Amino acid sequence: MTKTYISADWILPMAGDDFAIADGAIVFENDKIIAVGKAKDLARHKETAQNVRDLTGFAVMPGLVNTHTHVAGAITKAMTEDVSGYGGAFKVALPLHEHYVRQEDIYLPGLLHAVEMLRTGTTTINECWWHQPESAKVIRDAGIRGVVAAEIREMDSSEAGFGNMERNWNRRMADEGIDEAIDLIENWHGKADGRITCRVAPDGPDRCTPKLLVELKELGDKYGVGLHAHTASIPGEAEFMLHNYGKRTIHFLNDLGLLGPGYVGAHCAFVDDSEIEVMRETGMHMAHTAYLVAKRGYYPPMEKIYKAGVSVALGSDWLSNDMWKVMRFAALIPRILSNNVGIRSGKDVLRMATIGGARALGMEDEIGSLEAGKKADIIAIDMRAAWFHPFRDEDLAANLVFNGNSTDVREVYVNGKHVVADGRMKDIDERKLIGEARAVAQSVWDRAAPLFAR
Ligand SMILES: [Zn+2]
């Protein structure tokens, strides 16, 4: 039994109304938190703890929960950020992944993406992509917590864009995806000291037939795991759904019986008022990729979505994984679009990035806040920097969200294990890994030369 006692200037439990505890402390034993409170009230634990840490000048809070990721996206980092319209994803990134990335190319770049996540304070990810045994290995070896799902598609996903109303359905791809999903659940669910759990991930309602979508819902039910899917995610998707099924994405999915509290829909960028109402009614969760969609030049109608009371968590998607940027965009873009500062506060977006994410993943009893009995997924932000001061304690949340940087995260614990110490990975040589990941990515880029020449 190893007990750790950490004191800090501020503890943000993200639980109940007690927002920040000044001169606070947190105590955990192995993977579980046993006490959170004022340091003076928890001093007795100091005597019996094997690890005592004095984080004077730091704020300690629950690790961030990123509800939509693809670690394999490291191979296309920064490649398509400035390409207009559909071009980035459908002309470059998706064809690259569909036709040139092999299973063995994913681990090292993926591990580097996981390092980015941990170093910037994310302790749980909701991950889906192809070749997912590799992402499961990444999660295991990085030391992060992850919900992992094989993304199942029934077509070459790079052909889904450009307002294409036709599909070349390919059942073989679906069957391979189902096999991978079953393998993943049977071999990885509950593994890595319980850090890894699984879901089932239909790629998107426009990339699977209705028959497959129902099969995947049944597969999730059979194993007692939820669904994770791109949902109303690309321009032209609603038009595709209307053309082929006579209804928009959310209505289509609801009529098939997919939506509910076990469903995490990524993006939900193109939803109308009637769809927002169904999102709320069904209790599904939205993984709001606030930074990614802004880069694409579109944005979900967040003012309406918040007002309706839809469950909204935050996600990064696949090109960068800094949740501080995601939080800032989630707070600011709706203000710009609606001329209303009061839509979401710094405190609101911090909640969305922690307990809100935990709730979306059905893990609110385990993670997302610092409370006795929960997992010790903890981050510490070094506030001994000019950009944070001076400030009043009651403004701590706004201060973190609007003035903090991801690199201010200096200490990270996942499942009680110290993973990032003084801003560096404890067990991974980041610089060496950058070199190794780059070599793998370079080999993919070399093979994909015809794609770049187009
Ligand atoms: Zn995605």
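## A59 and the build of a two-domain chain

A59 is in contact with A8, D9, W10, L12, I381, M383, L396 and L400, leaving aside neighbours within four places in sequence. Contact here means that the C-beta atoms of two residues, placed from the backbone, lie within 7 Å.

This is a predicted model: local features need pLDDT of at least 70, side-chain atom pairs count only at pLDDT 80 or more, and totals for chains, interfaces and linings use all residues. Residues are numbered from 1 along each chain as its sequence is written.

### Overall build

The chain has 17 helices and 17 strands. Both are DSSP runs numbered from the N terminus: helices are H or I with at least four residues, strands are E with at least two. Along the principal axes, the C-alpha trace spans about 65 × 45 × 45 Å. The radius of gyration is 21 Å, which agrees with the value near 22 Å for a compact globule of 454 residues. That radius is taken over C-alpha atoms, and the globule rule is 2.2 Å times the number of residues to the power 0.38.

Buried residues make up 53% of the 454 residues. A residue is buried if 20 or more other C-beta atoms lie within 10 Å of its own, exposed if 12 or fewer, and partly exposed in between; the C-beta atoms are placed from the backbone. Of the contacts with a separation of 6 or more, 74% come from residues 24 or more positions apart.

### Domains and core

The domain assignment gives domain 1 (3-62 + 370-422) and domain 2 (64-360). Such bounds come from an automatic or database domain assignment. The domain centres, taken over C-alpha atoms, are separated by 30 Å. At the interface, 20 residues of domain 1 are in contact with 24 residues of domain 2. Three elements give two or more residues to the domain 1 side: α15 (396-403), β15 (409-414) and β16 (417-421). The largest share of that side, five residues, comes from α15.

The largest nonpolar core holds 144 residues, and I26, A59, V60, A114 and M327 touch the most other members. Helix α3 (residues 107-119) gives the most to this core, with eight residues. At least three core residues come from each of domain 1 and domain 2. A nonpolar core is a set of buried Ala, Val, Leu, Ile, Met, Phe, Trp, Tyr and Cys residues joined through C-beta atoms within 7 Å.

### Sheets

An open sheet of eight strands runs β3-β2-β1-β4-β14-β15-β16-β17, with mixed pairing. Its edge strands, β3 (32-38) and β17 (424-425), each pair on one side only. Strands pair if DSSP finds at least two bridges between them.

Another open sheet has four strands in the order β10-β11-β12-β13, with parallel pairing. β10 (227-231) and β13 (311-314) have a single partner strand each, so one side of each lacks a neighbour in the sheet. Neighbouring strands of this sheet are turned by 30° against each other on average, direction ignored. The axes are lines fitted to C-alpha atoms, for helices over the stretch in contact, and angles run from 0 to 180 degrees between N-to-C directions.

Three strand pairs, with one residue pair from each:

| Strand pair | Sense | Bridges | Residue pair |
|---|---|---|---|
| β12 (residues 285-288) and β13 | parallel | four bridges | H285 opposite S311 |
| β5 (residues 64-69) and β6 (residues 122-129) | parallel | four bridges | V65 opposite T124 |
| β14 (residues 378-382) and β15 | antiparallel | four bridges | I378 with Y413 |

Strand β5 is mostly covered: six of its six residues are buried.

### Two buried residues

Which residues does V409, in strand β15, touch beyond its sequence neighbours? V409 is in contact with R119, T120, G121, I379 and I381, leaving aside neighbours within four places in sequence. V409 counts as buried because 26 C-beta neighbours lie inside 10 Å. The C-alpha atoms of V409 and E151 are separated by 31 Å, and the two residues are 258 apart along the chain.

W188 lies in helix α5 (residues 171-188). W188 is buried, with 21 other C-beta atoms within 10 Å. Not counting residues up to four places away in sequence, W188 touches A136, V148, I196 and C198. A136 is 52 residues from W188 along the chain, yet their C-alpha atoms are separated by 7.2 Å.
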